[in-house]
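Me: Please take a close look at a single strand of this model for me. I am a first-year student, so keep the sentences short.

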Amino acid sequence: MDAAATLRDAADAMRFGPPVRYVYNPLRYARTNHTAYLRRFARGRREVLFLGMNPGPWGMAQTGVPFGEVAAVRDWMKLDHAVVDPPAAAEPYEAMVSAADGVGHPKRPVTGTGCERSEVSGRRFWGLMAERFGPPEDFFARHFVVNYFPLMWLGETGRNLTPDKLPRAERDAVTAAGDTHLTAVLRALRPRWVVGVGKFATQRASAVIDAEGLAGVEVVTLLHPSPASPAANRGWAERATRQLEAAGVW
């Protein structure tokens, strides 16, 4: 929880130029739900740490939970805390705007667990875990899920921007803060495996583990459940299960 608060504040202090026009920090406005997620599911050692990248507009940006598709968070995890001071809609304008300013893109409103949109990545990810393990307590007894960085960046049209789209100096600042947070999480949970959900998460996990000399932690790559991935659209749950079984995680 201390590491999450440090990352939240570091992210709030960052400023971004084009192509970024809007920035959301759900660790700030959805902190009640995020804190409840940590308190309930991150106690003690976890053998397996799933590492995502950053929030999507209908997932963590709404709920404060990684891959936080609303139905999974509200109905499966039973986390239904209201967001506090969510970014209000505004028309695009020249200056970069931040969730700290309370301003968001009109096409990407934050309504918390009342959001009626479904995020495909989160639905696929948590759907697999619910199907395989049943109650969330059975999944979280051995596993935990965290995102590398808490900010969602949007372009002028509301298009979601990934970290690789940021200018080099901004990307370096994100990496420094993200690596510091991931190091703290690894030392707190002491996992045997870190499962990078997608290439970016895998690369950051490997870099942090090597830099910190964390012996005995194995990095595994998992196909990202994004609908933008043709492979993920052809039976993601089955492919992911095979990958985790082949790596010895399951």
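Reply: Start with strand β6, which is covered on both faces. On one side sit H143, V145 and N147, and these are buried. On the other side sit F144 and V146, which are buried too. Keep in mind that this is a predicted model. A general rule helps in reading such a pattern: in a regular strand, side chains alternate between the two faces of the sheet. Buried here stands for under 20% relative accessible area. Five of the five residues of β6 are buried, so the strand is largely enclosed by the rest of the structure.

Now place the strand in its sheet. The sheet is open and has four strands, in the order β6-β2-β9-β10. Their pairing is parallel. β6 (143-147) stands at one edge and β10 (218-222) at the other; each has a single partner strand, so one side of each is left without a neighbour in the sheet. From one strand to the next, the twist averages 25°.

Which strand pairs with β6? That partner is β2, and the two are joined in the parallel sense over five bridges. Take one pair as an example: G52 has N147 as its bridge partner in β6. N147 is also one of the buried residues named above. In general, strands of a sheet pair through backbone hydrogen bonds.

Move one strand further along. β2 covers residues 48-52, and four bridges join β2 to β9, residues 193-197. These two strands run parallel. Here L51 has G196 as its bridge partner in β9.

Next, look at the helices that lie across these strands. Helix α6, residues 120-133, lies across β2, β6 and β9. Its direction is at about 175° to β6. Helix α8, residues 168-189, also lies across β2, β6 and β9. For α8 the angle given is to β2, at about 165°.

From α8, go one step outward to helix α9, residues 199-212. The two helices pack at an angle of about 70°, and their axes are 10 Å apart. Angles from 65 to 115 degrees count as roughly perpendicular, and α8 and α9 are therefore roughly perpendicular to each other. The crossing of α8 past α9 is right-handed. On the α8 side, the contact is made by T175, D179, L182, T183, L186 and R187. On the α9 side, R204, A205, V208, I209 and E212 take part. By class, this contact has five nonpolar, two polar and four charged residues.

Note on methods. Residues are numbered from 1 along each chain as its sequence is written. This is a predicted model: local features need pLDDT of at least 70, side-chain atom pairs count only at pLDDT 80 or more; totals for chains, interfaces and linings use all residues. Side-chain values use heavy atoms; hydrogens and water are left out. Two strands pair if DSSP finds at least two bridges between them. Axes are lines fitted to C-alpha atoms, for helices over the stretch in contact, and angles run from 0 to 180 degrees between N-to-C directions. Contact means heavy atoms within 4.5 Å. Angles under 35 degrees count as roughly parallel, over 145 as roughly antiparallel, 65 to 115 as roughly perpendicular and the rest as oblique. A crossing is left-handed if the near helix is turned anticlockwise from the far one by less than a right angle, and right-handed if clockwise. Ala, Val, Leu, Ile, Met, Phe, Trp, Tyr, Cys and Pro count as nonpolar, Asp, Glu, Lys and Arg as charged, and the others, Gly among them, as polar. Buried means under 20% relative accessible area, exposed over 50%, partly exposed in between (1.4 Å probe, protein chains only).
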